[in-house]
Amino acid sequence: MENGDGNEGASAFHMPEWMQIQFADQKQEFNKRPTKIGRRSLSRSISQSSTDSYSSAASYTDSSDDETSPRDKQQKNSKGNSDFCVKNIKQAEFGRREIEIAEQEMPALMALRKRAQGEKPLAGAKIVGCTHITAQTAVLMETLGALGAQCRWAACNIYSTLNEVAAALAESGFPVFAWKGESEDDFWWCIDRCVNVEGWQPNMILDDGGDLTHWIYKKYPNMFKKIKGIVEESVTGVHRLYQLSKAGKLCVPAMNVNDSVTKQKFDNLYCCRESILDGLKRTTDMMFGGKQVVVCGYGEVGKGCCAALKAMGSIVYVTEIDPICALQACMDGFRLVKLNEVIRQVDIVITCTGNKNVVTREHLDRMKNSCIVCNMGHSNTEIDVASLRTPELTWERVRSQVDHVIWPDGKRIVLLAEGRLLNLSCSTVPTFVLSITATTQALALIELYNAPEGRYKQDVYLLPKKMDEYVASLHLPTFDAHLTELTDEQAKYLGLNKNGPFKPNYYRY
């Protein structure tokens, strides 16, 4: 296992038998997947965040819901259980169909569920989670349940919850506290309902953005005496963990899923390469060919955005602070600029840096009429949206998650998702990609929960290379892919085990 320095602990990881790579078995498993086809929801997503943003699609059924707060409703599922708070428990049947569709595109989680449920590697685990409650997350939660865990869940984003999926989970017996359109007070109330439960003490945390971890540190610090570890997915949440570690305040081991190879290279790069176009097209109906676009940041997310827009015929500029990423952008054929050099001429501004105030009010004032402004980073701090909420500017909602901000002289910009994450705010993310990330989260939980005392200290760790390779291997049968196997002579020549890991910890994919 690697720690924050990437040098220690990797040899301590032991792979249980059910994790052994057996490609023939995998292929048989995936060939048995259900063939029935369900219709996906044609709805747009509605997404915002109280603190950070990384959200998902919303259902068309929400438009007819009443305005009564779920906190004021008395609801029970068919078994008479009321330990949940969702918009409308009657939407459970529709949510179940959404989950069944997602299962067909999440082969690794389903394979993990089948292989490990006999051993129950999470038996006794009490996981409190704060992520986006979508059909894909539901597959993860039900997989954790099949592996023996008890789960309580809240949403990490006030607009990211699929209400019908939350209802389906509540109907299945999961204590879920979330609905689309929560207030700031609702957001923290839901997290508290997950954590502050009589007779139930969490021993694992699965977080996305760090809000759940922050709440427990702030309100219930004694809980960490029984918590075995934290698994964190997002850039922002990982940053918070490293800050705690540096200050000596991190009192349990934490797993940094965001920087795992399977998260960085697939969720961040390939996912954004597809979803950036989807989000822009659904919200603006624009033509990409010939448009001038500036992408702020050339990390994995920026690389995916730039590649997609370039392929569609856009003229793409890149801003960067890191000379290595900047050189990559230049070698990939993009012109490296400062934002103020091109701000007057570009048609689209996309942020994906993880920083704050990348696009300021000064930039917004200088933009051309009808310039589209959006964010592909996790946090909603990259665009200074607060500076636009002034009396002299007029806000006009033209579509769900599409606002025209109009200046006194008539100039307007098109602001998408109020500066929050575009792809999951205004469209969807490929379920297959989320299967990769969710499988990584599940394995990280299993590893931390079952690790013997002393293997992990109060620090932030990366996933072992072997685990990343295992996650990737589970997805290969979907493509009918056939790995080449090393001969004994070749393995000896390279100094490798025939079954991996195949790259050193310092290898950059």
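In this predicted model, the side chain of Glu320 reaches the backbone nitrogen of Tyr298 at a distance of 2.8 Å, and this small detail is a convenient place from which to begin a walk through the structure. Glu320 has its place in the loop between strand β9 (315-319) and helix α11 (323-331). Its relative accessible area is 23%, so Glu320 counts as partly exposed, given that a residue is called buried under 20% and exposed over 50%. If the neighbours within four places in sequence are left aside, Glu320 is in contact with Gly297, Tyr298, Gly299, Cys325, Ala326 and Leu336.

Tyr298 appears again when one turns to Lys303, because the backbone oxygen of Tyr298 lies 2.7 Å from a polar atom of the side chain of Lys303. The backbone of Tyr298 therefore has its nitrogen within reach of the side chain of Glu320, and its oxygen beside the side chain of Lys303. Lys303 belongs to helix α10, which covers residues 300-311, and with a relative accessible area of 16% Lys303 is buried. Apart from its neighbours within four places in sequence, Lys303 is in contact with Leu269, Tyr298 and Gln328. Both Lys303 and Glu320 are included in the "binding site" annotation of an unreviewed UniProt entry, which also covers Gly299, Glu300, Val301, Gly302, Gly304 and Asn423.

With this local picture in mind, the reader can step back to the chain as a whole. The protein chain has 17 helices and 16 strands, and of its 509 residues 57% count as buried. Among the contacts with a separation of 6 or more, 73% are accounted for by residues 24 or more positions apart. The surface that the chain exposes amounts to about 22,200 Å², and carbon and sulfur atoms supply 50% of it.

What lies in the interior? The largest nonpolar core has 58 residues, and those with the most contacts inside it are Leu122, Ile127, Ile133, Leu144 and Val176. Several elements each supply at least two residues of this core, including the helices α2 (92-104), α4 (135-146) and α5 (163-171) as well as the strands β3 (150-155) and β5 (204-207). Helix α15 gives the most to this core, with 10 residues. A second, separate core has 31 residues, and Leu277, Cys306, Leu416 and Leu422 are among them. Returning to Val176, and not counting residues up to four places away in sequence, one finds that Val176 touches Asp83, Phe84, Cys85, Val86, Ile133, Met141, Trp153, Ala166 and Leu169.

One of the contributors to the largest core, strand β5, deserves a slower look. In a regular strand the side chains alternate between the two faces of the sheet. In β5 both faces are covered, since Met204 and Leu206 on one side and Ile205 and Asp207 on the other are all buried. Strand β5 also has a partner in β2 (residues 126-131), with which it pairs in the parallel sense over four bridges, and four bridges join β5 to strand β6 (residues 229-232), which likewise runs parallel to it. To follow these pairings residue by residue, one can note that Ile205 in β5 is the bridge partner of Val128, whereas Gly229 in β6 is the bridge partner of Met204.

Val128 itself is found in strand β2, and with a relative accessible area of 0% this residue is buried. Although Val128 and Met204 are 76 residues apart in sequence, their C-alpha atoms are 6.4 Å apart in space. Leaving out residues up to four places away in sequence, Val128 touches Arg152, Cys194, Val195, Trp200, Pro202, Met204, Ile205, Leu206 and Leu212.

Two helices that also supply residues to the largest core show how far a helix can be covered. In α16, 10 of the 11 residues are buried, and among them are Lys465, Asp468 and Glu469 as well as Met467, Val471 and Leu474. In α5, eight of the nine residues are buried, including Asn163 and Glu164 together with Val165, Ala166 and Leu169. What covers the buried residues of α5 includes helices α2 and α4 and strand β4 (176-177). Helix α5 is followed by Gly173, whose phi is positive, near 105 degrees.

Terms used: Residues numbered from 1 in each chain as written. Predicted model: local features only at pLDDT ≥ 70, side-chain atom pairs only at ≥ 80, totals over all residues. Heavy atoms only, no water. Buried < 20%, exposed > 50% of the residue type's maximum accessible area, 1.4 Å probe, protein only. Contact = heavy atoms within 4.5 Å. Areas by Shrake-Rupley, 256 points an atom, 1.4 Å probe, with all protein chains shown as cover. UniProt positions renumbered as here; feature names shortened; annotations may be inferred. Polar contact = N/O pair within 3.5 Å; in protein donor to acceptor, adjacent residues only side chain to side chain. Core = buried A, V, L, I, M, F, W, Y, C linked by side-chain atoms within 4.5 Å. Pairing = 2+ DSSP bridges.
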